[in-house]
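Trainee: I would like a close look at a single part of this model, with the rest of the chain brought in where it helps. Please take one loop residue and work outward from there.

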Amino acid sequence: MSRLTEDQMRQLSGLMDARWDREMKEIRGIAERYRDERRQEVLAGRAADRLDEALAEIALSETYAIVRQDIEDVRDIAAARRRIAAGTYGNCTDCDGEIAYARLQAYPTAKRCIRCQEEHERRKAMREGRGAP
Ligand SMILES: [Zn+2]
């Protein structure tokens with residue numbers, strides 16, 4: 001187990017719970033809105049190929065990007081909860097070092113220490129061809 005105190009763990013868990021609720025509410029709200037829109041389209045007699053078009057529009061829309069980000073956040077929180085249960089929360093998944101509490105306060109779902117995160121992002125940028133030569 002990491003050296004996080006019970007108080008610190010409680011605070012970080014609280015941050016994640018609040019974020020979980022917020023994201024879930026947003027996902028649900030958007031899902032409901034789309035359901036309503038789709039129902040209206042069906043009622044209006046939109047043909048099947050038009051529905052495909054509508055789905056493609058949704059996939060490209062800003063809302064879809066928001067939902068995707070929300071789902072990613074919720075997944076990150078679920079993963080952090082699993083790390084808490086496993087007793088590995090607060091430890092870097094790459095070097096097994098301790099993640100600074102200040103970093104966890106800013107990013108409660110952080111799974112890497114700042115050094116490994118920077119290294120991870122540098123490698124990712126290189127792979128995607130965005131890195132320095
Ligand atoms: Zn690390």
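Mentor: Asp96 sits in the loop between α3 and α4 (101-106); helices here are DSSP runs of H or I with at least four residues, strands are runs of E with at least two, and both are numbered from the N terminus. The model is a predicted one, in which local features need pLDDT of at least 70, side-chain atom pairs count only at pLDDT 80 or more, and totals for chains, interfaces and linings use all residues. Residues are numbered from 1 along each chain as its sequence is written.

The phi of Asp96 is near 65 degrees, a positive value in a residue other than glycine. Most residues other than glycine have a negative phi. Asp96 counts as exposed because it has 10 C-beta neighbours inside 10 Å; the cut-offs are 12 or fewer other C-beta atoms within 10 Å for exposed, 20 or more for buried, and partly exposed in between, with C-beta atoms placed from the backbone.

On the N-terminal side of this loop is helix α3, residues 62-86. Its 25 residues reach 36 Å from first C-alpha to last, close to the 36 Å expected at 1.5 Å a residue, where the expected span is 1.5 Å times one less than the number of residues. Just after α3, Gly87 takes a positive phi of about 80 degrees.

On the other side, α4 has the highest confidence in the protein chain, at a mean of 96, whereas helix α2 (residues 48-60) has the lowest, at 65. The score is pLDDT, the predictor's confidence in each residue from 0 to 100. Where pLDDT is low, the predicted coordinates should not be read in detail. The chain averages 86, and 82% of the residues score at least 70.

The largest nonpolar core has five residues: Leu12, Ile99, Leu104, Ala110 and Cys113. Such a core is a set of buried Ala, Val, Leu, Ile, Met, Phe, Trp, Tyr and Cys residues joined through C-beta atoms within 7 Å. Leaving aside neighbours within four places in sequence, Leu12 is in contact (C-beta atoms within 7 Å) with Leu104 and Pro108. Buried residues make up 11% of the 133 residues in the chain.

Helix α5 (residues 114-127) is hardly covered, with zero buried residues among its 14. Gly129, which follows α5, has a positive phi near 75 degrees. Overall, the chain has five helices and zero strands.

How values were computed: Contact = placed C-beta atoms within 7 Å.
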